[in-house]
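Thank you all for coming. I would like to take a few minutes to walk through one model, going from the whole chain to its pockets and then to a single residue.

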Amino acid sequence: MPLNCTQKLIGNHLVFGGMIPGSEIALKIDQTLTQDATGTMVMLELEAMGLDVAKTEASAQYVDHNLVQTDSKNADDHLFLQSASQRFGLYYSKPGNGVSHPVHMQRLAKPGKTLLGSDSHTCANGSMGMLAMGAGGLDVALAIAGEPFYLRMPEVWGIKLTGELQEWVSAKDVILELLRRHDVTGGVGRVIEYYGPGLKNLSAMDRHVIANMGAELGATSTVFPADGEIKRYLKEQGRVNDWTELKADKGATYDVNEEINLSEVVPLVAKPTSPGNVVPVSEIAGTPIYQSYIGSSANPGYHDFAIAAEIVKGKQIAEGVSFDINPTSRQMLTDLLQEGHIASFIQAGGRLHQAGCNGCIGMGQAPATGRNSLRTTPRNFPGRSGTIEDSVFLSGTETAAASVLTGVITDPRTLGPKAPRVKEIKNPTIDLNLLDAPLPAEEARRVVIQKGPNIASIPVMDEMPDHLQVPILLKMGDNISTDEILAGGSRVLPYRSNLPEISKFAFEIIDKTYYDRGMKSVAQGGHAIVAGTNYGQGSSREHAALAPRYLGLRVALVKDFARIHWQNLVNFGILPITFINVEDYDKLQEGAILEFANLRRKIKEVNEFEISVQGTNDSIKVQHALTDRQVDVVLKGGMINWVRDQQQPVN
């Protein structure tokens, strides 16, 4: 049977199950990626498990999110991560070296391998012919310890690319076009695989841009073939020996089929407050902006910056606009300096920031209240920029650069028939210092992990009771993101290793009273939340499950879940259930008390059961999608308890 690229990657790493869409499978993980917003918890979990040394082929810890050092918290955690990386045998990338995804692509990504990362944009490395997936930190910790990664076998969504991008149109517009067609749930339960003659017109970094924002479609991963372009890229990075060809067999088929003619794609923009709210730039041209922001893992390549520098070269940005330049790796920044592009940015009025995630995660560069920010970042969820009432638009670099010159959102095609030409670098920089290599095992065992005063151990979680009477503390709508459940940014993320403190920010964007009400619920048996479709979209941060669990969350009842957050809820012993009849959502109000009788037996024996609403005659039919293993995890109160019990000797 002819296989596509995704089937080959999965088949070569399958340790449990069969490739039947919807069935549970387990995959061997070759590489892992953690970043500092999530990696601190992963390192604490590895310590709790008693790990000796990483079992993967390569695991890397990056410091790219929490770079603002207004006090000792972030600096202390950087030392913690560095010492933990040395202790457990991980690569380590220092602050300022760059964003994890492009740096991993430059230094470690290998065609044919699996990559699991505690960051939802890990899928960006699917550009390299990898099966690269985002997951919660605990799943990544288990992978580092040599355990397989469990997931539902996804459908494979084949997208045939034809044609060639026109002047002023970029790879960012390709993924925005897919979001325009399908919104933020179009890829749920699917791996997106690109193929076709249009591939020859997309560089490795173009593919990175497209693969990165597959996360915004809710996809499990995005896969590109490892063809001659990937071989060229690895040769450019001094790693040509890491290339192996990966291509679909002749006659390979896909579960879902679609086509994008690159020649027909136009400059696009996602309006606030969703990456799926996409329209042509021409439709909203003239909208005033306060900020134009270039950078992030969604536009991380040399060409992304160089084309913008050429657009503004010799010109001045519009009065009253902040032009923020966020380089994505030290290696790429060196090339931009050598080619004179940084000078073009600065002379035009740009503001240069250090290489890292920065404003994409709300770590600096927050826009003014009531003003519009145009960004090349992947997300514009409410409050993600660091400004609570933000108004963020997403675009490619050509649109962002054209707009900073005019002070309003501008279709770059109005600047002329031809876009500036970017000269390719003959000898790109190869920075071997972006990653500190793992220590030899014997030396690693002697390392003492350094813990600052802000690091707190994860508290013990109790098992799931057999009978629950829990009030609904929050009722929410559709597409609630993890940024709304637990915000990022410079106020919040410094507490990522301190669960009691970071919990104070839970759901604050939705309801500032949640923390106090949640704390009160703990002694009374906990509480439930209710929401609509695509609950938990966005970032993979497990704190968005862990913090509500600390505040007493026992049950999440929604219309449907985003994949990674659903798994994170399971990992921390929260029961994720969905309505069988979506009309029942309207029956429930905040404050209503849900009753679960014989819960432990029910979720073990059946997938569908009824719950009652105290004081009414209403009963709600619900269902869970847990496997037997996941049922056991939830009943034990979470994965940490489950792993601990697995390691206990049998009498």
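I will begin with how the model should be read and then turn to the overall fold.

This is a predicted model, in which local features need pLDDT of at least 70 and side-chain atom pairs count only at pLDDT 80 or more, while totals for chains, interfaces and linings use all residues. Residues are numbered from 1 along each chain as its sequence is written, and side-chain values use heavy atoms, with hydrogens and water left out.

The secondary structure of the protein chain comes to 22 helices and 26 strands, taken as DSSP runs numbered from the N terminus, with helices being H or I of at least four residues and strands being E of at least two. The radius of gyration, taken over C-alpha atoms, is 24 Å, which agrees with the value near 26 Å for a compact globule of 651 residues, the globule rule being 2.2 Å times the number of residues to the power 0.38. Of those 651 residues, 63% count as buried, meaning under 20% relative accessible area with a 1.4 Å probe and protein chains only.

Now to the pockets. A pocket here is an open set of points on a 1 Å grid over the protein atoms alone, where a 1.4 Å probe fits, with protein on both sides within 12 Å along at least five of seven lines; lining residues have an atom within 4 Å of a point. The largest pocket holds about 1,000 Å³ of space, a volume being the space filled by probe spheres set on the points. Its lining has 41 residues, and nearest its centre lie Ser203, Asp206, His303, Asp304 and Glu424. Among the elements that give two or more residues to this lining are α7 (204-212) and α10 (302-312).

The second largest pocket holds about 610 Å³, and of its 31 lining residues the closest to the centre are Arg152, Phe561, Arg563, Trp566 and Ala625. The elements giving two or more residues to that lining are β8 (149-152), α19 (563-571) and β23 (575-579).

Finally, a single residue: is Leu594, in strand β24 (residues 593-596), buried or exposed? Leu594 counts as buried, because its relative accessibility is 0%. Its C-alpha atom is separated by 6.1 Å from that of Pro471, 123 residues apart along the chain. Beyond neighbours within four places in sequence, Leu594 has contacts (heavy atoms within 4.5 Å) with residues including Leu468, Val470, Ala528, Leu557 and Ile611.

How values were computed
Buried < 20%, exposed > 50% of the residue type's maximum accessible area, 1.4 Å probe, protein only.
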